[in-house]
Amino acid sequence: MSALRSLLLLLLPLCPGPGPGPGSEAKVTRSCAETRQVLGARGYSLNLIPPALISGEHLRVCPQEYTCCSSETEQRLIRESENTFRGLVEDSGSFLVHTLAARHRKFDDNPDPGGCPSLCTGPGDWKNCGQRSA
């Protein structure tokens, strides 16, 4: 979950906070210097990050008000978050698969340790375990 938290911390600078509302005549003069610094340190090209707030109407994930997120930045953030999410799921899934495989092997070797051992002739012979011979 720390990877997800770091991704959220990465997106925070893209949300500069409440800007002018609809119908407001206030001019937006906020800088994107902090966002440029954070994303630049993560390897983003500064050409992808606007120097001042832009309208985000066309964006899907980044704020659709005034933002420091361009379309290209948004696409890269989407790819990074998908890769992070996929990695977390694969890590969790891998642990689960290995756990189930280990327990399956253990069951195959000794299917019913408290049952009737005379019906289970040996390790791996679980198909005949519990069945009486004719």
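Here is a short chat about the salt bridges in this predicted model.

Student: How many salt bridges does the count come to?

Tutor: The count comes to two salt bridges.

Student: What makes the contact between Glu80 and Arg42 a salt bridge?

Tutor: Look at the gap: N to O is 3.3 Å for these side chains. The cut-off is within 4 Å, between an Arg or Lys nitrogen and an Asp or Glu carboxyl oxygen, so the pair qualifies.

Student: Where in the chain do the two partners sit?

Tutor: Glu80 is in helix α3, while Arg42 is in the loop between α2 and β1. They're 38 residues apart, so the pair links distant parts of the chain.

Student: Why is Glu80 called buried?

Tutor: Its relative accessible area is 19%. Buried means under 20%, so Glu80 gets that label.

Student: And why does Arg42 count as partly exposed?

Tutor: Arg42 has 42% relative accessibility. That lies between the 20% and 50% cut-offs, so partly exposed is the right term.

Student: How do you know that Glu80 also forms a salt bridge with Arg76?

Tutor: Their closest N and O atoms are 3.5 Å apart, and the limit is 4 Å, so this pair passes too. These two residues are four apart in helix α3, which means about one helical turn separates them.

Student: What joins Arg42, Arg76 and Glu80 into one network?

Tutor: Salt bridges that share partners do that: Glu80 pairs with Arg42 and with Arg76.

Note on methods. Residues are numbered from 1 along each chain as its sequence is written. This is a predicted model: local features need pLDDT of at least 70, side-chain atom pairs count only at pLDDT 80 or more; totals for chains, interfaces and linings use all residues. Side-chain values use heavy atoms; hydrogens and water are left out. Buried means under 20% relative accessible area, exposed over 50%, partly exposed in between (1.4 Å probe, protein chains only).
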